[in-house]
Amino acid sequence: MAARPTWQGHLKLSLVTCPVALYTATSSASHVSFHLINPDTNNRIRMVPTDPDTGPIERSDLVKGYEVSKDEYVLFDDADFDKVKLESTRTIDINQFVDEDDIDRLYWDDPFYVVPEKGVGAEAFAVIRDAMKAAGKIAIGCLVLRNRERQIALEVRGKGLVAYTLRPHEEVRDAGDFFDDIPAVKADRDMVDIATRIIGQKEAGFDPTGFKDRYDDALKEMIKAKQKGGKGLVEAPEPDDTNVIDLMEALRASLKGSAGGKAPAKKAATKKTPAGKAAAKRKAA
């Protein structure tokens, strides 16, 4: 089944405008998901909206309410939301260009593929895309998505664009609130040197296809075992905390283990996946 667009509207750069659609760039369809079951009856539990006075009510009959004081709400239905007519409801207006490094990685959020609608808009889309590529900058704009206006960053990706929603500044916590209490410890220079050599031995090109969700895999194995009537227990003992007294010995043992193990992969010379390209482009903060 063809993917359904998450958002449809127009992309605008000054006087150049074209119709586009946004598609979610990621999927969680392969993840293990569960339903709530009553173990006494083996029936799946249904979440039924219930009014404390009148009982169950159809979800389609409900409206949204904003609490202005205790037990007092301002009500909104779909027609009310349609009355909030911002330009960004149906138009992504590119209002500035920045260097990618200017955007702290904490602000990058969900990615979407930006695709031109078929027809006359394809040429205008190509003009905007190629101009962005020539400028070598990240475009910044806004759009209303899922009942929120979001700032987005757009970058050229092949024949299309990728739009990343950016987290609002007030949603990003100050790192100092967490890092300021870290004790000021001066690391031993010899230990740092050994740890640096271990890092060098493990250096490799980023390949997201090599990552496997072992927890998800273990759940799938447990599901298979339970289907066959087994308990399907999976044990994963926690590693011991590093003993500070033996830290140097642990580092030396790690260095020997790394050198004697499988040679690290060479830096990626193969074609990267879309996710790999995006990760490779972003430098560490």
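Which helix is R129 found in? Keep that question in mind as you open this predicted model, and let's walk through it together.

**Stop 1: the open sheet**

Start by colouring the strands. Eight of them form an open sheet, in the order β9-β1-β2-β11-β14-β13-β12-β10, and the pairing is mixed. Now select residues 91–93 for β9 and 96–98 for β10: these two strands stand at the edges, each with a single partner strand, so one side of each is left without a neighbour in the sheet. Rotate the view a little, and you can look for the turn between neighbouring strands, which is 40° on average when direction is ignored. As background, strands of a sheet pair through backbone hydrogen bonds, either parallel or antiparallel.

**Stop 2: from β1 across to β11**

Next, select β1 (7–13) and β2 (16–24). They pair in the antiparallel sense, over seven bridges. Click on H10 and then on P19 in β2, its bridge partner. The hairpin of β1 and β2 has two residues between the strands, and there S14 takes a positive phi near 60°.

Keep β2 selected and add β11 (108–116). This pair is antiparallel too, with five bridges. To see one of the matched positions, pick V20 together with its bridge partner P116 in β11.

**Stop 3: β13 and β14**

Move on to residues 148–157, strand β13, and residues 160–166, strand β14. Seven bridges join these two strands, which run antiparallel. Which residue in β14 does E155 stand opposite? Select V162 and you have found it.

**Stop 4: the helix across the sheet**

Now show residues 121–135, which make up helix α2. This helix lies across several strands, including β1, β2, β11 and β14, and runs at about 85° to β2. Here is the reply to our opening question: R129 is found in helix α2. Is R129 buried or exposed? Its relative accessible area is 16%, and since buried means under 20%, R129 counts as buried. Leaving aside neighbours within four places in sequence, R129 is in contact with V156, G158, K159, G160 and L161.

**Stop 5: a nonpolar patch on the surface**

Finally, turn on the surface and select Y66, V68, V74 and F76. Together they form a nonpolar patch with about 380 Å² of accessible area. Strands β7 (64–69) and β8 (72–76) each supply at least two residues of this patch. Zoom in on Y66, whose place is in strand β7. With a relative accessible area of 57%, Y66 is exposed, whereas R129 in your earlier selection is buried.

How values were computed. Residues numbered from 1 in each chain as written. Predicted model: local features only at pLDDT ≥ 70, side-chain atom pairs only at ≥ 80, totals over all residues. Heavy atoms only, no water. Patch = residues over 30% accessible without salt bridge, like charges linked within 9 Å, V, L, I, M, F, W, Y side chains within 5 Å. Areas by Shrake-Rupley, 256 points an atom, 1.4 Å probe, with all protein chains shown as cover. Salt bridge = Lys/Arg side-chain N within 4 Å of Asp/Glu carboxyl O. Helix = DSSP H or I, 4+ residues; strand = E, 2+ residues; numbered from the N terminus. Buried < 20%, exposed > 50% of the residue type's maximum accessible area, 1.4 Å probe, protein only. Pairing = 2+ DSSP bridges. Axes fitted to C-alpha atoms, helices over the stretch in contact; angles between N-to-C directions. Contact = heavy atoms within 4.5 Å.
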